[in-house]
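Reader: I am new to this structure and would like a careful look at one aspect of it, namely how side chains sit at the surface and pair with one another. Could you go through that slowly, explaining each term when it comes up?

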Amino acid sequence: MKKMVILLITGDIVCTVLALGIAYLVRFGTVPGMESFLSLAGAVQLVLLVVAVIFSSFMVEFYNVDKDMKLRERIAHSAISLSVSFLILSAIFYLAPDLTIGRGLLAMALVILCLWQILWHLFCRVSLYHPGLARRVLVLGTGPLAREIGGLVSATNHNHVLAGYFGCTNEPIYVPSHHIVGNGDGLVSAALRERTDKIVVSLSERRGAFPLSEVLNCKFSGIEVIDAPSFYEEITGKLMIENITPSWFIFSNGFRRTGFGRIMKRSTDLVLSLVGIILVLPVLPFIALGIRITSPGPILFRQVRVGQGDRPFALYKFRSMRADAEKASGAVWAQKDDPRITRFGKFLRTSRLDELPQLYNVLRGDMSLVGPRPERPEFVDKLKEVIPYYSERHFVKPGVTGWAQVKYPYGASVDDAIEKLRYDLYYIKNMSMLLDIIIVLETIKVVLFGRGSR
């Protein structure tokens, strides 16, 4: 799916550059030479146009491969996206007139781009969904794990189709019998007959049942072999923690921390938190006034949270609940329509403005802009007892936003904590600047559309 998203974005960049060139040709009868685009002003104009288009397309979920848009919906989303691009660029050109692309030229380029973008995304979508182009997956196993993996293949639009299940000795049968392939043949023969591209090893118990030589022959025959947890991670963007062993963590790719990566992440945190604090300073007095008017008590809320290395730290937020919210109940998760939340506090939580003081935590080094959500010690002690690998989320700094926060709504139970841990461990395994950028962009969508708040 990452390859598909990269392909979509690359195509949009090419379409944007070509659309601008065609607009020049139609309006002026000529296309600027390479020297115009290679000049500083020309290069900046082109970069601004591309960034505005990609940002706007991301906001309307053009790069969400799981979202199935009809043609009419896609046309409407493209029109909205490019209108937003036009407004963003108009504002930038107003502030920096030397970079201006003429409005008529810009509008024409965006109209041309609208058509090309729709055609390009439809072509990629057809390629993704076409059965003849999909990768055929043979699930090795017939037990409960195999049933889950087979259901995942059938339920997701990730360019995979289920070729069937192959049973092994002493493996229980939890899958439909008509989907079991083999007919007494070996794994290699069954895989070749079903035109298998990928084998997902999903045995409930491997000891004494794993067909080592046959799987090895399939591997040498050019068929990709992958285990169930890795396939689950690839498809869902989270980890299958209940079927992961310590050896899987040890030998799997990821979980790498380089000195350069740490320096880059901390430098980015410092710069962006400082910029963020400067930008939000004008609205802070109004937030403080709103809190003071609507409920008695302090403006800032200070609470102990668990940070990197299980070390406690003081997290700061704008107070959104009554001052005596936990006097009777003690530490509890916030619930839907929680009566402890004040009227102004509900607005703060929905808009995520209550979390602005955490920029100070980032500046101090307690937190990062992106990372797992910091939990309270009372909850951490409880969750460690019932959830495997829960402590591993504390190997990195907690974040103001994170992969779990943008992919899953507010958690208020042990089951929610398990689901969010899947995403947190995926993030820790695959940490990178690119993933952080994606999370920040997703966070903007979450804030704009008020998703997942409580």
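Author: A good place to start is L270, which is found in helix α11, spanning residues 259-280 (helices are DSSP runs of H or I with at least four residues, strands are E runs of at least two, and both are numbered from the N terminus). The model is a predicted one, in which local features need pLDDT of at least 70 and side-chain atom pairs count only at pLDDT 80 or more, while totals for chains, interfaces and linings use all residues. Numbering runs from 1 along each chain as its sequence is written, and side-chain values use heavy atoms, with hydrogens and water left out.

With a relative accessibility of 33%, L270 is classed as partly exposed (buried is under 20% relative accessible area, exposed over 50%, partly exposed in between, with a 1.4 Å probe and protein chains only). Together with V271, L272, V275 and L279, L270 makes a nonpolar surface patch of about 430 Å². Patch members have over 30% relative accessible area and no salt bridge, with nonpolar side chains (Val, Leu, Ile, Met, Phe, Trp, Tyr) joined within 5 Å and like charges within 9 Å; areas come from the Shrake-Rupley method with a 1.4 Å probe, and for residues only the protein chains shown count as cover.

Charged side chains come next, and the structure contains 17 salt bridges (a side-chain nitrogen of Lys or Arg within 4 Å of a carboxyl oxygen of Asp or Glu). One of them joins E224 to K198, whose closest N and O atoms are 3.9 Å apart. This pair links distant parts of the chain, since E224 belongs to strand β5 (residues 224-227) and K198 to strand β4 (residues 198-201), 26 residues apart. E224 is partly exposed at 28% relative accessibility, whereas K198 is buried, at 1%. K198 also forms a salt bridge with E234, and here the closest N and O atoms are 2.9 Å apart. Because K198 lies in strand β4 and E234 in helix α9 (residues 228-236), this second pair ties together parts 36 residues apart in sequence. E234 itself is partly exposed, with a relative accessible area of 38%.

Another salt bridge brings together the side chains of D310 and K384, at 3.5 Å from N to O. Here too distant parts of the chain are linked: D310 is in the loop between β6 (300-306) and β7 (312-318), and K384 is in helix α15 (residues 377-386), 74 residues apart. D310 counts as partly exposed at 36% relative accessibility, and K384 is likewise partly exposed, at 34%. Elsewhere, salt bridges with shared partners join R135, K198, E224 and E234 into one network.

Aromatic rings pair as well (Phe, Tyr and the six-membered ring of Trp, with centres within 6.5 Å; planes under 30 degrees apart are stacked, over 60 edge-to-face, the rest tilted). The count is seven aromatic pairs. Among them, W403 and Y426 are stacked, because their ring centres are 5.8 Å apart and their planes meet at 25°. W403 is in helix α16 (residues 403-407) and Y426 in helix α17 (residues 414-429), so the pair connects parts 23 residues apart in sequence. Both W403 and Y426 are buried. Finally, W248, F249, F255 and Y389 make up one aromatic cluster.
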